[in-house]
Amino acid sequence: MRSRRDKGHKGMTNRLRVLLIEDIEEDAALVVRQLRIAGYEPESRCVRTEEELLDALAHSEWDVVISEYKMPHLGAPDALRIVQDRVNDLPFVVVSGIVGEDAAVECMRAGAVDFLSKNRLSRLGPAVAREVLGASGRRARRDAESALRKSEASARAIVFASSEGIVIVDCAGLVLYVNPAAEAMLGCTGGTLVGHELPFTLREDSNAGEVDMVSGTGVSLTVEVRSSRIDWAGEDSTLVILHDITMRKRIETQLRDSFVKLADTLSRAMASRDPYTTGHQQRVAGLVVQVGTRMGLDEERLWELRLGGLLHDVGKVAVPERLLTKPGRLTAEEFDIVKTHSQEGYEILRESGLPTAVALMALHHHESLDGSGYPQHLLSEALSLEDRILTASNVLESLTSFRPYRRAFEMESAVSILVAESGSRFDPEVVSCLTELVESGEFVREVG
């Protein structure tokens with residue numbers, strides 16, 4: 001088995017060598033685009049057959065393999081076996097459309113590091129970052145452990161000079177060794193650490209996590225902590241690697257904030273065409289985040305929800321302004337035109353570089369669990385949790401807002417409508433969250 005080296009890769013933290021196993025050019029381009037959005041500079045090769053895969057593995061080194069699950073000539077399970085036979089510790093990520101859970105479990109048990117749906121490729125960047133970093137960490141740990149076995153003095157010199165923070169902890173949780181990089185991150189010297197417990201807790205359920213700390217110079221840091229069991233001077237110990245990810249987290253936050261600001265600006269610009277719904281998208285965005293928070297969604301999904309709330313009506317740019325501002329009820333023909341805004345919004349957003357879930361929220365925000373919605377008349381199983389949250393929140397906010405053809409509903413009446421159709425049109429858990437937000441006073445809407 002050939003071992004992988006990272007030759008010529010120092011100093012190019014954003015470079016990513018990607019081996020794509022894909023037979024559809026558009027899907028391959030979408031994967032590369034998602035990696036660029038995640039901050040990488042991908043250098044990729046796309047292969048479709050076993051012969052092409054073997055050639056790529058023999059003549060080039062790769063940081064990650066991203067494979068379509070099912071192709072005419074080479075599927076992910078066969079490709080995974082080929083990669084494992086020829087390359088040591090090369091992360092293998094499977095992406096696919098609609099595939100059963102059994103197929104995903106099969107791939108993960110065979111050694112794939114992740115299995116992603118093509119509808120949620122926004123998770124590809126974080127997944128690749130995690131696994132590439134993990135593989136790099138594992139290679140570093142193997143090298144360090146080998147060096148320790150050959151020569152303790154040589155290993156100590158390597159560890160001492162490492163830019164990564166390295167700490168050795170015994171089985172009782174007491175520090176045995178700390179290198180200068182770790183001292184700088186932890187804000188204290190080895191003399192005050194050795195023989196004492198770490199100033200943070202290692203997670204028992206995982207060998208990786210993030211910790212906020214203050215360096216010796218008073219700078220706030222976010223540090224990724226990875227741990228693994230090793231033999232240190234004949235004792236069962238734990239190797240703790242500290243990796244400063246402060247800049248990466250700051251850039252990720254800035255990028256996310258810029259997307260939200262752009263979406264907010266665009267939604268406000270829409271008010272010039274539809275003055276009766278001024279602020280509607282901002283209020284919906286705030287409401288869906290409140291619901292998502294109550295339902296325990298993570299930061300990434302809450303971010304996607306906020307974008308979906310801000311942009312769900314963007315397709316109205318394609319609807320004639322006279323229909324958006326018509327003072328009376330629309331005719332059936334006019335309403336059919338207005339209903340096109342869901343599809344138009346999806347077409348605008350799906351090529352925007354935003355997460356796929358955001359475009360799908362624009363497409364699905366008038367769908368219902370029972371298939372009575374539009375434009376696709378989807379049933380509950382086809383609607384994501386994000387779709388369900390946006391659908392119900394959008395209706396509640398719309399009902400309690402003035403429209404030229406009706407007065408705003410009282411909040412109590414609007415909630416009663418959602419409750420009455422809970423389980424038919426709307427997701428019961430989402431309706432329950434909305435009801436709690438209203439009853440607790442966390443969502444208050446002035447009636448106009």
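The legends below describe close-up views of a predicted model. Local features need pLDDT of at least 70 and side-chain atom pairs count only at pLDDT 80 or more, while totals for chains, interfaces and linings use all residues. Residues are numbered from 1 along each chain as its sequence is written, and side-chain values use heavy atoms, with hydrogens and water left out.

**View 1. Buried and exposed faces of helix H2 (residues 50–59).** Helices (H or I, at least four residues) and strands (E, at least two) are DSSP runs numbered from the N terminus. Leu53, Ala56 and Leu57 of H2 are buried, meaning under 20% relative accessible area, with exposed over 50% and partly exposed in between (1.4 Å probe, protein chains only). The buried residues of H2 line one face of the helix, because they fall within an arc of 95° seen down its axis; the arc is that of the directions from the helix axis to the C-beta atoms. Glu51, Ala58 and His59 are exposed on the face turned away from the buried side. The cover over the buried residues includes strand S1 (15–21), strand S2 (41–47) and helix H3 (76–86).

**View 2. Ser380 in the loop between helix H15 (356–364) and helix H16 (385–399).** Ser380 is partly exposed, at 23% relative accessibility. Beyond its neighbours within four places in sequence, Ser380 is in contact (heavy atoms within 4.5 Å) with Leu369 and Arg388. Glu367 lies 13 residues from Ser380 along the chain, and their C-alpha atoms are separated by 9.0 Å.

**View 3. Cys107 and Cys433.** Cys107 is buried at a relative accessible area of 2%. Cys433 is also buried, at 8%. With a disulfide defined as a pair of cysteine sulfur atoms within 2.5 Å, the count is 0 disulfides.
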